[in-house]
Amino acid sequence: MPKRLAEKKQAAIVRWWSGLSPKGKRIACICAGWLLTAAVIALDTGITVPVYKIFSGKVQSPMKIVLLTDFHSSSYGKNQQVLIDTIDRQNPDVILMAGDIAENVRPHKHTEELLEKLTYRYRCYYVTGNHEEWSGECDAIKEMFRSYGVNVMEGDSEIFETSGQAIRISGADNSLPFMQLSACYKNAGDGIFTVFMSHRPDLVDLYSGRGFDLVVCGHAHGGQVRIPGILNGLYAPGTVPPIRRRAL
């Protein structure tokens with residue numbers, strides 16, 4: 001029965017194509033090409049590097065931060081060299097990992113390849129995402145990150161200093177436990193520029209007005225609604241545009 005159905009559909013398509021005028025066939029080809037291109041763009045999981053400049057009276061010397069998020073234990077070249085080269089070109093002072101670096105389905109091989117390459121070059125900070133929590137082994141994943149020298153933030157706040165400039169880095173788990181958030185709130189709002197890390201952009205109201213100078217998040221990827229080829233990441237439910245693809 002499925003074979004007969006497929007044959008009927010194929011015959012219907014042939015009849016439809018045969019009935020088109022030359023102009024109609026040209027239009028159909030153009031539309032098919034556009035749809036194919038749109039699909040390729042919409043499903044693109046490549047790396048983008050949007051750059052933001054933030055000015056504050058609390059920062060006297062320039063500092064460069066790379067935000068790496070929603071890596072999902074993917075592979076970017078042998079031993080992650082494509083991703084490592086992209087990060088190296090930014091010449092960061094510190095790297096923040098805003099969750100979903102590891103996965104609940106894929107093995108951790110590619111995550112460990114990334115950590116091995118990154119952590120001997122840069123100071124790294126990490127908060128969990130929903131996929132690490134869904135894995136059922138969130139504590140083990142945290143220990144894996146710690147074993148590579150990554151600072152795992154669980155309501156912690158740490159002063160990071162380079163070239164005489166100090167900033168505070170704070171962060172909380174994906175589930176945003178009250179005690180963790182409270183600890184981060186207490187350490188913010190003084191004269192030190194404070195960066196808060198969370199995987200959850202949809203809970204921005206919890207971060208607003210709490211003394212954080214910069215909040216960095218992940219989770220939204222490229223957005224659930226896009227205009228392929230025109231706007232990548234128009235809207236993601238529960239978030240505030242603009243939304244970016246998987247990015248640094």
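**Note on helix packing, a hairpin and two cores**

1. Q81, L83, I84 and I87 of helix 3 are in contact (heavy atoms within 4.5 Å) with L114, K117 and L118 of helix 4. Helices here are DSSP runs of H or I with at least four residues, and strands are E runs of at least two, numbered from the N terminus. The residues of this contact comprise five nonpolar, one polar and one charged.

2. This is a predicted model, in which local features need pLDDT of at least 70 and side-chain atom pairs count only at pLDDT 80 or more, while totals for chains, interfaces and linings use all residues. Residues are numbered from 1 along each chain as its sequence is written, and side-chain values use heavy atoms, leaving out hydrogens and water.

3. Strand 5 (residues 156-162) pairs with strand 6 (residues 165-171) in the antiparallel sense over seven bridges; pairing requires at least two DSSP bridges. D156 lies opposite G171 in strand 6. Two residues separate the strands of this hairpin, and S163 in the turn has a positive phi of about 50°.

4. The largest nonpolar core (buried Ala, Val, Leu, Ile, Met, Phe, Trp, Tyr and Cys joined through side-chain atoms within 4.5 Å; buried means under 20% relative accessible area with a 1.4 Å probe, protein chains only) has 22 residues, of which I95, M97, I101, L114, L118, Y126 and F145 touch the most other members. Among the elements giving two or more residues to this core are helix 3, helix 4 and helix 6 (138-147).

5. Beyond its neighbours within four places in sequence, F145 contacts M97, I101, T111, L115, Y126, V150 and V152. A second, separate core of 13 residues includes M153, F193, M197 and L214.

Technical notes. Nonpolar A, V, L, I, M, F, W, Y, C, P; charged D, E, K, R; others polar. Buried < 20%, exposed > 50% of the residue type's maximum accessible area, 1.4 Å probe, protein only.
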